[in-house]
Amino acid sequence: MSGPRIVLAPDKFKGSLTAAGVADAVADGIRRVRPDADIRLVPVADGGEGTVDAAVRAGFDRVPVEVCGPTGAWVSAAFAHNGSVAVVEAAAACGLALLPDGVPAPLTATSLGVGQLLRAALDLGCRTLVLGVGGSACTDGGAGLLAGLGADLLRADGRPADPGGGGLTDIAYLDLHGLDPRSHEVELVLASDVDHPLLGNSGAAAVFGPQKGAGAREISALEAGLTHWARLVAQRTGFDAADRPGAGAGGGIGFAALAVLGARRAGGIEILLDVVDFDRHARGADLIVTGEGSLDAQTLHGKAPAGVAARAAAHGVPAVAVAGRQLLDDKQLRAAGFTAAYALTDLEPDPRRCHTHAPELLTHHGEHIARQHLPPSRAHDRHPNAPLNRRQPTPRPPDTHH
């Protein structure tokens, strides 16, 4: 008789492990207890870093491309494709991790390389482009994206405007005649759970600018530039998308995609679960394990683990989560669809050691998950209102102090 089927579908532990690394470590622990288990590794992402990697693990081809990085230097990026569908990750071209020496460039960082990635996908004949916009270093309203697809952003004297959000106020003309016509012949899906508009107190500059190194003065300048840019785009296209949910995603990349390219917005994790064919693996499974670096209030608002748990529930499969830290109470965990949650800090109180010894700690949790949640070791008489936050005794954790 075949063993239990477990689907491992975590997101990355940011700064510690990739999604694939998390899945591999948990799988090692499960196999130690249940070597007969049929383990399906389906690492996921929600539109930010790791989105392309998740698609490649699901069978897509990785296509390397040299593009303009966030500060103008050429960088090695990649997108994933399977012939008709391309998965493009904005962070691969203009992500925070690509800033030289990690120095923020809130006023000058550009999304130009994202447009170049989309054009490379068009060159391969892809008919559906999935664009994940999390993790960008820029707040340029997607002006660079459009330039990468052939649009001209010109000053009053006809010279090209400076790149980045700081150059938006100098744009006098938006010439779309050179925009790659194929961009209107394909389906563009904006994969983002961010529902912020472009402007205002909940817009791209105010909310995400500080994460990209913008202080109060830079945020004010970016807001002024985005306001001017939104007005210019509306005049040129006849369509005002500044208030559309998701327009503020990716520093306004979402705005350009919605207003000019006719994109439709969908939840990042929902799109990625379809891309990796999650339902095929989940159907008939005994357990699904998901997770991310921090299970917290943000998890409940469309982050990857919540999306995985919802899909698991749709298939009638219990879901448990692993995390670096766990800040949700039992009621929140139940409402999100989790049977249990296991944090690295349950085993190792030192956050630094949690980072450096994440694989060993996750492997230990994998062993415990196998004992607690797989037949025949599952506790069938567990009280339905028992705590979900793993208060039950566990075996001694691995020694992480060496």
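A salt bridge is counted here where a side-chain nitrogen of Lys or Arg comes within 4 Å of a carboxyl oxygen of Asp or Glu, and a search of the whole structure, which is a predicted model, finds 22 salt bridges on that basis.

**View 1. The two domains of the predicted model and the pocket between them.** The protein is divided into domain 1, made up of residues 5–44 together with 278–373, and domain 2, which covers residues 51–266. The C-alpha centres of domain 1 and domain 2 lie 32 Å apart. Because domain 1 and domain 2 both give residues to the lining of the largest pocket, that pocket lies between them. The largest pocket holds about 1100 Å³ of space and is lined by 32 residues, among which Asp46, Gly135, Val194, Gln211 and Lys303 lie nearest its centre. By residue character, the lining of the largest pocket divides into six nonpolar, 15 polar and eleven charged residues. Strand 11 (residues 287–295) gives the most to this lining, with three residues.

**View 2. Asp46, in the lining of the largest pocket.** Asp46 is found in the loop between strand 2 (38–41) and helix 2, and it is one of the residues that lie nearest the centre of the largest pocket. With a relative accessibility of 13%, Asp46 counts as buried. Asp46 and Leu295 are 249 residues apart in sequence, and their C-alpha atoms are 14 Å apart in space.

**View 3. The second largest pocket, also between domain 1 and domain 2.** The second largest pocket has a volume of about 300 Å³; its lining is made up of 22 residues, of which Lys12, Thr18, Glu49, Gly50 and Asp53 lie nearest the centre. The elements that give two or more residues to this lining are helix 1 and helix 2, and helix 2 gives the most, with four residues. The lining of the second largest pocket divides into ten nonpolar, four polar and eight charged residues. Domain 1 and domain 2 both give residues to the lining of the second largest pocket, so this pocket lies between them.

**View 4. A salt bridge between helix 1 and helix 2.** The side chains of Asp24 and Arg57 meet in a salt bridge, with 3.9 Å from N to O. Asp24 lies in helix 1 (residues 19–33) and Arg57 in helix 2 (residues 51–57), so the pair ties together parts that are 33 residues apart in sequence. Asp24 is partly exposed, with a relative accessible area of 33%, and Arg57 is also partly exposed, with a relative accessible area of 40%.

**View 5. A network of salt bridges that links Arg119, Asp123, Asp180 and Arg182.** Side chains of opposite charge can pair when their charged atoms come close. Within this network, the side chains of Arg119 and Asp180 meet in a salt bridge at 3.4 Å, N to O. Arg119 lies in helix 4 (residues 112–123), while Asp180 lies in the loop between strand 8 (173–175) and strand 9 (187–191), so this pair ties together parts that are 61 residues apart in sequence. Arg119 is partly exposed at 28% relative accessibility, whereas Asp180 is buried, with a relative accessible area of 7%. The side chains of Arg182 and Asp123 likewise meet in a salt bridge, at 2.8 Å from N to O. Arg182 lies in the loop between strand 8 and strand 9 and Asp123 in helix 4, so the pair ties together parts that are 59 residues apart in sequence. Arg182 counts as partly exposed at 26% relative accessibility, and Asp123 counts as exposed at 54%.

**View 6. The largest cavity and its lining.** Two cavities of 30 Å³ or more are found in the structure, and about 50 Å³ of space lies in the largest cavity. The lining of the largest cavity is formed by Leu118, Leu122, Leu129, Leu149, Ser183, Val186, Leu188 and Leu261. These lining residues divide into seven nonpolar, one polar and no charged.

**View 7. Cysteines in a structure that holds zero disulfides.** Cys68 is in no disulfide, and the nearest cysteine sulfur, that of Cys94, is 9.8 Å away. Cys68 is buried, with a relative accessible area of 8%. The sulfur of Cys138 is 4.0 Å from the closest cysteine sulfur, in Cys94, and this is too far for a bond, because a disulfide requires a pair of cysteine sulfur atoms within 2.5 Å. Cys138 counts as buried, at 0% relative accessibility.

Definitions and conventions: Residues are numbered from 1 along each chain as its sequence is written. This is a predicted model: local features need pLDDT of at least 70, side-chain atom pairs count only at pLDDT 80 or more; totals for chains, interfaces and linings use all residues. Side-chain values use heavy atoms; hydrogens and water are left out. Buried means under 20% relative accessible area, exposed over 50%, partly exposed in between (1.4 Å probe, protein chains only). Domain bounds come from an automatic or database domain assignment. On a 1 Å grid over the protein atoms alone, a cavity is a set of points where a 1.4 Å probe fits but cannot get out, and a pocket is an open set with protein on both sides within 12 Å along at least five of seven lines; lining residues have an atom within 4 Å of a point. Grid points are joined across faces, edges and corners, and a volume is the space filled by probe spheres set on the points. Ala, Val, Leu, Ile, Met, Phe, Trp, Tyr, Cys and Pro count as nonpolar, Asp, Glu, Lys and Arg as charged, and the others, Gly among them, as polar.
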